[in-house]
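Q: Could you pick a single part of this model and take me through it closely? I'd like to see how that part fits with the rest of the chain, and a relaxed tone is fine.

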Amino acid sequence: SNFGESVLLPEEAEQRLEKRMVSMCDRLWSKLARMQEEFGGLQEEVAGLHEVVVTEAEEQHKSSSKLQERVALLEPKLEEQQQALQQQLLQQALQQQLQKEEEERQQLQLQLQQKEKQ
């Protein structure tokens, strides 16, 4: 009668198979639920990262706009300074030229005075 126990009746075999399938399905469902949870977490993480990246990009844009504004403000000032400097240099050159001419005139006058004395 030992032999009879090991041989499964068709409905027993069917029940066992059904139980195994049910437990397999249960395991798959719980695995799927875990995966969905993980995926939800990942989605949140990605959304968070996206926000950070967008915010960062906006900040960069703002600061580069500010820089451009500052450059735009500074450029005319720089040009004015350059022009003022050029004028200064020109005046210095003219003064030096005048001084040179004055010195030459004085030398000539001295020479003339000496000749008149002779």
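### A close look at helix α2

A: Let's start with the whole chain: of its 118 residues, buried ones make up 0%. Keep in mind that this is a predicted model. The chain has two helices and zero strands. Its radius of gyration comes out at 49 Å, while the globule rule gives 13 Å for 118 residues, so the chain is more spread out than a compact globule. You can see that in the C-alpha trace too, which spans about 165 × 30 × 10 Å along its principal axes.

Now for the part I'd pick, helix α2. This helix runs over residues 10-117, which makes 108 residues. How far should a helix like that reach? At 1.5 Å a residue the expected span is 160 Å, and the C-alpha atoms at the two ends of α2 sit 154 Å apart, so the two values agree. For a sense of distance inside the chain, take A33 and E104: they are 71 residues apart along the chain, and their C-alpha atoms are separated by 104 Å. A33 is itself part of helix α2.

What about cover? Helix α2 is hardly covered, with a count of zero buried residues among its 108. A33 fits that picture: its relative accessible area is 36%, so this alanine counts as partly exposed, the class between 20% and 50%.

Next, the side chains. Searching the whole structure turns up two salt bridges. One of them joins E59 and K62, with 3.8 Å from N to O; that falls within the 4 Å cut-off. These two residues are three apart in helix α2, so about one helical turn separates them. E59 is partly exposed, at 44% relative accessibility.

The other pairing is R105 with E102, where the N to O distance is 3.0 Å. Here too the partners are three residues apart in helix α2, which again puts about one helical turn between them. R105 has a relative accessible area of 45% and counts as partly exposed. E102 is partly exposed as well, at 34%.

Why does that spacing suit a pair of side chains? An α-helix has 3.6 residues a turn, so residues three or four places apart point the same way.

Zooming back out to surface and charge, the chain exposes about 12300 Å², and carbon and sulfur atoms supply 55% of that area. The chain carries 14 positive and 23 negative charges, and the mean positions of the two sets are 7 Å apart.

Key: Residues are numbered from 1 along each chain as its sequence is written. This is a predicted model: local features need pLDDT of at least 70, side-chain atom pairs count only at pLDDT 80 or more; totals for chains, interfaces and linings use all residues. Side-chain values use heavy atoms; hydrogens and water are left out. Helices (H or I, at least four residues) and strands (E, at least two) are DSSP runs, numbered from the N terminus. The expected span of a helix is 1.5 Å times one less than its number of residues. Buried means under 20% relative accessible area, exposed over 50%, partly exposed in between (1.4 Å probe, protein chains only). A salt bridge is a side-chain nitrogen of Lys or Arg within 4 Å of a carboxyl oxygen of Asp or Glu. The radius of gyration is taken over C-alpha atoms; the globule rule is 2.2 Å times the number of residues to the power 0.38. Accessible areas come from the Shrake-Rupley method with a 1.4 Å probe; for residues, only the protein chains shown count as cover. Lys and Arg count as positive and Asp and Glu as negative; His and the chain ends are not counted. The place of a charge is taken as NZ of Lys, CZ of Arg, CG of Asp or CD of Glu.
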